[in-house]
Amino acid sequence: MTNDKKKLTTAFGCPVGNDLDSITAGPRGPALMQDVHLLEKLSHFDRERIPERVVHAKGAGAYGYFQVTADVTMYTKAAFLSSIGKKTDVFARFSTVGGEKGSADAERDPRGFALKFYTEEGNYDMTGNNTPVFFIRDPLKFPDFIHTQKRDPATNLKSATMAWDFWSLTPESIHQVTILFSDRGTPATYRNMNGYSSHTYKWYNAKDDYFWVQYHFKTDQGIKNLTGPEAAKMCGTNPDHATSDLHDAIKKDDYPSWTLEMQILSPEQAQSFGWDIFDITKVWPHSEVPPITVGKLVLNRNPDNYFAEVEQAAFNPSNLVPGIGVSPDKMLQGRLFSYHDTHLHRLGPNYHLIPVNQAKHAPENSYQRDGAMRVDANGGNGPNYWPNSVGGPQPDGVSVEPEIPLKGKGGPHPYGHKNDDFVQPGNLYRHVMTEQDRTNLISNIVGHMHGVPEPIQLRQCALFHLADQDYGTRVAQGLGLDIRKVAKLAAMTQEERVAATPLK
Ligand code: NDP
């Protein structure tokens with residue numbers, strides 16, 4: 001085999017004599033079918049694009065490591081968290097959510113914060129966001145919600161009316177809407193934002209004692225955001241600003257890092273906790289569950305090839321290692337299906353063989369075989385069934401999550417108790433935000449809702465009013481609405497409010 005990288009070849013290694021002139025019948029004649037190099041080049045080019053992600057299409061990624069800084073073996077038996085100082089290779093991808101692959105990094109949107117830990121027990125993926133909560137808490141609503149963030153089917157335009165119609169009919173969205181329309185909805189860079197698991201997960205130790213946990217990756221660069229006008233300007237002047245910022249920082253050895261803090265609740269504590277810990281629209285107040293520092297995430301290497309390593313990266317909350325399990329959070333349960341499913345559509349059944357997705361430190365030993373683009377030895381001459389008596393890989397009998405008690409009847413149960421949707425966004429508005437944060441929040445909302453039909457504006461302002469009277473009043477004033485109508489709507493049930501605000 002020649003190592004001559006300077007010699008141009010076809011995809012199959014045959015030398016190419018001319019890459020500037022197609023083969024034609026004479027200098028002015030048509031192209032000939034026998035120009036196999038031209039045909040190969042065009043047909044490969046025609047297939048260069050794979051389906052873009054239906055969400056999180058625009059993103060940037062980098063490699064690095066996670067290092068443990070505290071003993072957490074009383075909570076989890078995960079090998080990569082087993083001792084202070086232990087380092088694990090990581091690949092991270094940050095993204096916006098609703099925009100297409102060519103959309104601007106500065107768009108108002110949650111940011112994806114996805115991590116792949118290449119552990120010795122297989123890959124562990126933490127697929128979070130830069131916000132600790134989400135708009136909805138049932139996966140049945142997810143396609144509908146995302147449709148409202150995409151383009152109107154008739155006009156192919158983004159539609160604030162679709163978004164506010166949905167949010168005003170979905171009161172549990174108000175917490176995330178409040179964060180989204182604060183300046184945290186437009187982070188200055190990917191380096192200047194936190195990452196949260198948002199979901200509750202289960203950690204369990206070597207004795208099978210389990211705990212409910214939430215992850216908070218706090219940026220060591222400090223939180224920095226763009227104001228609404230700054231973000232709008234950035235979209236126009238540098239639509240790739242966060243992508244280039246991440247790349248440039250790592251290139252000049254200014255490695256971004258995040259401190260992992262965990263909130264941890266025992267099952268007993270969870271039972272008497274004031275909030276439903278499986279409701280992703282709620283946080284666990286820090287005063288009630290103080291976070292403990294667990295480790296450090298550092299990103300220190302840029303990918304060599306965007307398509308190979310970032311576009312084809314596939315994260316999946318189902319990728320779990322012993323010591324880490326899932327919770328009954330319904331949104332998480334939906335994602336356990338949907339991530340793998342969408343990767344099958346986007347990348348094919350063997351996407352786990354793409355190098356960035358491969359389990360680097362714990363090779364795959366499964367009975368899965370064949371399928372499009374199976375590009376490794378495909379299990380060689382080993383058995384492809386289990387059980388077998390020819391020495392194939394065996395289940396270890398111990399990698400089983402501890403059981404959790406469940407009760408009730410199978411049925412479509414809404415989240416019920418402990419789910420006042422307005423207290424936490426109200427606390428955020430009143431106690432966490434500065435007056436400048438509140439002013440920017442109101443201005444960002446008013447700017448976005450301008451032009452939305454008045455019945456939707458009124459309905460939504462009533463929800464803001466329920467979170468905090470000042471909040472609802474200021475948005476209503478900014479939109480020129482009758483504040484008395486808003487207060488009246490706020491005093492109704494959601495069903496009455498919807499009935500009282502029909503679209504003409
Ligand atoms: P705390 O005062 O203990 O914590 C407030 C948290 O809010 C901090 O983690 C801070 O993150 C974050 N924060 C600060 N400014 C904003 C902002 N403009 N938008 C969103 N988050 C912000 O309060 P509690 O734990 O009692 O929570 C109060 C409210 O704070 C919650 O209802 C929730 O809306 C919000 N919050 C709570 C989080 C939690 O896990 N408890 C996490 C994030 C937000 P940082 O340190 O990075 O500045």
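**Entry 1: the ligand and the two domains**

I started with where the ligand sits in this predicted model. Domain 1 (59-134 + 185-357) and domain 2 (423-500) both give residues to the shell around the ligand, so the ligand lies between them.

Next I looked up who is in that shell. I found 17 residues around the ligand, and His-175, Arg-184, Asn-194, Trp-284 and His-286 come nearest. By class, the shell divides into 9 nonpolar, 6 polar and 2 charged residues.

Then I went through polar contacts, taking a pair of N or O atoms within 3.5 Å as my cut-off. The side chain of Arg-184 has an N or O atom 2.7 Å from an oxygen atom of the ligand. For Trp-284 the backbone does the job: one of its N or O atoms lies 3.0 Å from a nitrogen atom of the ligand. His-286 also uses its backbone, with a polar atom 2.7 Å from an oxygen atom of the ligand.

I also checked how covered the ligand is. Taken alone the ligand exposes 780 Å², and the protein buries 76% of that. Two elements, β7 and α10 (423-432), give two or more residues to the shell. Which of the elements gives the most to the shell? That is α10, with 3 residues.

**Entry 2: the largest pocket**

I moved on to open space, computed on the protein atoms alone. The largest pocket holds about 1,400 Å³ of space. I counted 39 residues in its lining. Nearest the centre of this pocket I noted Ala-362, Pro-363, Glu-364, Asn-365 and Ser-366. How does the lining of the largest pocket divide by class? I wrote down 17 polar, 14 nonpolar and 8 charged residues.

**Entry 3: the second largest pocket**

Here I found about 930 Å³ of space. The lining of the second largest pocket has 24 residues, and Asp-276, Phe-278, Pro-328, Pro-405 and Leu-406 lie nearest the centre. I sorted the lining of this second pocket into 13 nonpolar, 5 polar and 6 charged residues.

I then asked which elements build that lining. Both β7 (210-219) and α7 (267-271) supply at least two residues to the second largest pocket. The largest share of its lining comes from α7, with 3 residues. I made a side note on β7, since this strand had already turned up among the elements of the ligand shell.

**Entry 4: closed cavities**

A quick reminder to myself: rolling a probe the size of a water molecule over the atoms shows where empty space is left.

How many cavities of 30 Å³ or more does the structure hold? My tally is 2.

The largest cavity has a volume of about 60 Å³. I listed its lining as Asn-130, Arg-184, Pro-187, Asn-192, Met-193, Asn-194, Tyr-196, Ile-223 and Asn-225. By class, that makes 4 nonpolar, 4 polar and 1 charged residues. Two familiar names stood out in this lining, Arg-184 and Asn-194, and both are also among the residues that come nearest to the ligand.

The second largest cavity comes to about 40 Å³. Its lining is made of Val-97, Gly-98, Asp-109, Pro-110, Phe-134, Phe-135, Phe-145, Ile-146 and Gln-149. I classed these as 6 nonpolar, 2 polar and 1 charged residues.

**Entry 5: backbone oddments**

I finished with two spots in loops. First, Trp-386 and Pro-387 are joined by a cis peptide bond, with omega about 0°. I placed Pro-387 in the loop between α9 (330-347) and α10. That helix, α10, is the element that gives the most to the ligand shell.

Second, I looked up Asp-253. Its phi is near 60°, a positive value in a residue other than glycine. Asp-253 has its place in the loop between α6 (241-251) and β8 (257-265).

Terms used:
Residues numbered from 1 in each chain as written. Predicted model: local features only at pLDDT ≥ 70, side-chain atom pairs only at ≥ 80, totals over all residues. Heavy atoms only, no water. 1 Å grid on protein atoms, 1.4 Å probe; cavity = no way out; pocket = protein on both sides within 12 Å on 5 of 7 lines; lining within 4 Å. Points joined across faces, edges and corners; volume = space filled by probe spheres on them. Nonpolar A, V, L, I, M, F, W, Y, C, P; charged D, E, K, R; others polar. Helix = DSSP H or I, 4+ residues; strand = E, 2+ residues; numbered from the N terminus. Near = heavy atom within 4 Å. Polar contact = N/O pair within 3.5 Å; in protein donor to acceptor, adjacent residues only side chain to side chain. Areas by Shrake-Rupley, 256 points an atom, 1.4 Å probe, with all protein chains shown as cover. Domains from an automatic or database assignment.
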